[in-house]
Amino acid sequence: IWTADKGFIETIKPGTQGLVVTWLRDDGPLARAGVHVNDIILSVDGTRLQRRFELLQKIRSEPPGSRFHLEIQKPGEEGIRETMLTTEKLEKIWEEVP
């Protein structure tokens, strides 16, 4: 969160820690899981997140097709929503390039 601009940070509840989603592939795993740009990923499988590598390390430790429980918060809104992320092969991205 600390890398986001001041105006955006002001919409986030004080003390919130997590990863701000700044970009999504329209048909990618996070989009299919219902995650949106500016959502904050608070945790993966119960592990709180502070740095991007923590999320990447967790999902890359399992084979494609693995499922992960995410806790998500939308800035400016109360409550936390939960969703499941199903990973895919990284190579799939490159197969789609014309």
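Of the 98 residues in this protein, 36% count as buried, and I should say at once that what we are looking at is a predicted model. The accessible surface comes to about 6700 Å², and carbon and sulfur atoms account for 54% of that surface. As for the architecture, there are four helices and five strands, and reading along the sequence one meets them in the pattern α-β-α-β-β-α-β-β-α. If we take the contacts between residues at least 6 apart in sequence, 48% of them join residues at least 24 apart.

Let me turn to the interior. The largest nonpolar core has 14 residues, and the members that touch the most other members are Val 35, Ile 41, Val 44, Leu 49, Leu 55 and Leu 70. At least two residues of this core come from each of strand E2, which spans 40–44, helix H3, which spans 52–60, and strand E4, which spans 67–73. The largest share, three residues, is supplied by E4. There is also a second, separate core of five residues, and among its members are Phe 8, Ile 12, Ile 40 and Leu 42.

Staying with the largest core for a moment, which residues does Leu 55 contact once its neighbours within four places in sequence are left aside? They are Leu 19, Ile 41, Val 44 and Leu 49, and of these, Ile 41, Val 44 and Leu 49 are themselves on the list of core residues that touch the most other members.

Now to a charged residue in strand E4, namely Glu 71. Is Glu 71 buried or exposed? Its relative accessible area is 18%, and because the limit for calling a residue buried is under 20%, Glu 71 counts as buried. Its side chain is joined to that of Arg 48 by a polar contact of 3.4 Å. Setting aside residues up to four places away in sequence, Glu 71 touches Ile 40, Ile 41, Leu 42 and Ser 43, then Arg 48, and finally Ile 80, Arg 81 and Glu 82. Two of the names in that list, Ile 40 and Leu 42, we have already met as members of the second core, while Ile 41 belongs to the largest one.

The next topic is the salt bridges, of which the structure holds seven. One of them joins the side chains of Glu 88 and Arg 25, at 2.9 Å from N to O. Glu 88 sits in the loop between strand E5 (81–86) and helix H4 (91–95), whereas Arg 25 sits in the loop between strand E1 (19–20) and helix H2 (29–32), so this pair ties together parts that are 63 residues apart in sequence. Both partners, Glu 88 and Arg 25, are buried. The side chain of Glu 88 also meets that of Arg 32 in a salt bridge, here at 3.0 Å from N to O. Since Arg 32 lies in helix H2 and Glu 88 in the loop between E5 and H4, this second pair ties together parts that are 56 residues apart in sequence. The relative accessibility of Glu 88 is 17%, and it therefore counts as buried. Taken together, Arg 25, Asp 27, Arg 32 and Glu 88 are linked in a network of salt bridges.

Another of the salt bridges brings together the side chains of Asp 45 and Lys 58, at 3.9 Å from N to O. This pair links distant parts of the chain, with Asp 45 in the loop between E2 and strand E3 (47–48) and Lys 58 in helix H3, 13 residues apart. How accessible are these two partners, buried or partly exposed? Asp 45, at 35% relative accessibility, counts as partly exposed, and Lys 58, with a relative accessible area of 30%, is partly exposed as well.

Asp 45 brings me to the last topic, the backbone. Although Asp 45 is not a glycine, it has a positive phi of about 50°. Asn 38 likewise has a positive phi, of about 80°, and is not a glycine. Where does Asn 38 lie? Its place is in the loop between H2 and E2, and at 36% relative accessibility Asn 38 counts as partly exposed.

Note on methods. Residues numbered from 1 in each chain as written. Predicted model: local features only at pLDDT ≥ 70, side-chain atom pairs only at ≥ 80, totals over all residues. Heavy atoms only, no water. Core = buried A, V, L, I, M, F, W, Y, C linked by side-chain atoms within 4.5 Å. Buried < 20%, exposed > 50% of the residue type's maximum accessible area, 1.4 Å probe, protein only. Contact = heavy atoms within 4.5 Å. Polar contact = N/O pair within 3.5 Å; in protein donor to acceptor, adjacent residues only side chain to side chain. Salt bridge = Lys/Arg side-chain N within 4 Å of Asp/Glu carboxyl O. Areas by Shrake-Rupley, 256 points an atom, 1.4 Å probe, with all protein chains shown as cover.
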